[in-house]
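Let us take a walk through this model together, stopping at a few residues along the way. Keep the viewer open as you read.

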Amino acid sequence: QVQLVESGGGLVQPGGSLRLSCVASRFTLGDYVVGWFRQAPGKERERVSCINNSDGYTNYADSVKDRFFVSRDNAKNTVYLQMNNLKPEDTAVYYCAADAGDYFNVCVIGSIPFGSWGQGTQVTVSS
């Protein structure tokens with residue numbers, strides 16, 4: 001069974017940075033499209049970013065563009081989400097997800113749902 005584990009969350013002051021990690025076990029994460037999502041209390045889940053498996057192409061939600069950066073290290077079977085200039089509205093539980101489908105259908109138009117999810121890591125931005 002595919003397993004994803006997120007880490008790196010915590011409490012940070014506004015303007016600070018965090019780097020989240022998503023580590024895969026029992027499969028090669030480099031073969032999968034990976035997305036980062038977040039969900040704040042009382043709000044719908046929001047996709048934050050997505051990264052392709054073959055060429056590393058990425059996309060971002062407008063709310064995080066130019067502040068968050070997704071990358072992958074296939075040798076470590078890990079995808080990262082670097083979050084800079086954090087704001088209180090970034091407070092949420094962050095999840096990574098993976099799917100073997102193609103980037104266009106999974107990440108661009110969303111016609112294929114992500115098949116595997118991690119358990120989430122809490123990010124709290126507060127002074």
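Which side chain does the side chain of Ser17 join in a polar contact? The partner is Asn84, and the polar contact between the two side chains spans 3.1 Å. Please bear in mind throughout that this is a predicted model.

**Around Ser17**

Ser17 sits in the loop that runs between strand 2 (10-12) and strand 3 (18-25). Its relative accessibility is 40%, so Ser17 counts as partly exposed. Beyond its neighbours within four places in sequence, Ser17 is in contact with Val12 and with Gln82, Met83, Asn84, Asn85 and Leu86. For a sense of distance, you can also pick Asn59, which is 42 residues from Ser17 along the chain; the two C-alpha atoms are separated by 20 Å.

**Arg67 and its surroundings**

Now move to Arg67, in the loop between strand 6 (58-60) and strand 7. Is Arg67 buried or exposed? With a relative accessibility of 8%, Arg67 counts as buried. Not counting residues up to four places away in sequence, Arg67 touches Gln82, Met83, Asn84, Asn85, Leu86, Lys87 and Asp90. The Arg67 side chain also reaches the backbone oxygen of Ser63, at 2.9 Å.

**Salt bridges**

Side chains of opposite charge can pair when their charged atoms come close. How many salt bridges does a search of the whole structure find? The search finds 4, and the table lists some of them.

| Positive residue | Negative residue | Closest N to O distance |
|---|---|---|
| Arg38 | Asp90 | 2.9 Å |
| Arg67 | Asp90 | 2.8 Å |
| Lys65 | Asp62 | 3.1 Å |

Let us begin with Arg38 and Asp90, whose side chains meet in a salt bridge. Arg38 lies in strand 4 (residues 33-39) and Asp90 in the loop between strand 8 and strand 9, so this pair ties together parts that are 52 residues apart in sequence. Arg38 has a relative accessible area of 7% and is therefore buried. Asp90, at 0% relative accessibility, counts as buried too.

Asp90 forms a salt bridge with Arg67 as well, with the closest N and O atoms 2.8 Å apart. This second pair links distant parts of the chain, 23 residues apart: Asp90 in the loop between strand 8 and strand 9, and Arg67 in the loop between strand 6 and strand 7. Through shared partners, salt bridges join Arg38, Glu46, Arg67 and Asp90 into one network.

The side chains of Lys65 and Asp62 meet in another salt bridge, at 3.1 Å from N to O. Here Lys65 is partly exposed, its relative accessible area being 42%, while Asp62 is exposed, with a relative accessible area of 68%.

**Arg72, buried without a salt bridge**

Arg72 lies in strand 7 (residues 68-73). What is the nearest side chain of opposite charge to Arg72? It is Asp31, 7.7 Å away; Arg72 is buried yet has no salt bridge. For a salt bridge, the side-chain nitrogen would have to be within 4 Å of a carboxyl oxygen.

Which backbone oxygens does the Arg72 side chain reach? One is that of Leu29, at 2.6 Å; another is that of Asn52, also at 2.6 Å. Both residues reappear among the contacts of Arg72, which, leaving out residues up to four places away in sequence, are Leu29, Gly30, Tyr32, Val34, Ile51, Asn52, Asn53, Thr78 and Val79.

**Pro88 and a nonpolar patch**

Pro88 has its place in the loop between strand 8 (78-83) and strand 9 (92-99). A relative accessibility of 47% means that Pro88 counts as partly exposed. Setting aside residues up to four places away in sequence, Pro88 touches Pro14 and Val125. Pro88 and Ser126 are 38 residues apart in sequence, and their C-alpha atoms are 5.8 Å apart in space.

Our last stop is on the surface, where Phe104, Val108 and Ile109 form a nonpolar patch. Together these residues have about 290 Å² of accessible area. Val108 lies in helix 1 (residues 103-108), and its relative accessibility of 44% makes Val108 count as partly exposed.

Notes: Residues are numbered from 1 along each chain as its sequence is written. This is a predicted model: local features need pLDDT of at least 70, side-chain atom pairs count only at pLDDT 80 or more; totals for chains, interfaces and linings use all residues. Side-chain values use heavy atoms; hydrogens and water are left out. Helices (H or I, at least four residues) and strands (E, at least two) are DSSP runs, numbered from the N terminus. Buried means under 20% relative accessible area, exposed over 50%, partly exposed in between (1.4 Å probe, protein chains only). Lys and Arg count as positive and Asp and Glu as negative; His and the chain ends are not counted. A polar contact is a pair of N or O atoms within 3.5 Å; within protein, one must be able to donate a hydrogen and the other to accept it, and residues adjacent in sequence count only if both atoms are side-chain atoms. Contact means heavy atoms within 4.5 Å. Patches are made of residues with over 30% relative accessible area and no salt bridge: like charges are joined within 9 Å, nonpolar side chains (Val, Leu, Ile, Met, Phe, Trp, Tyr) within 5 Å. Accessible areas come from the Shrake-Rupley method with a 1.4 Å probe; for residues, only the protein chains shown count as cover.
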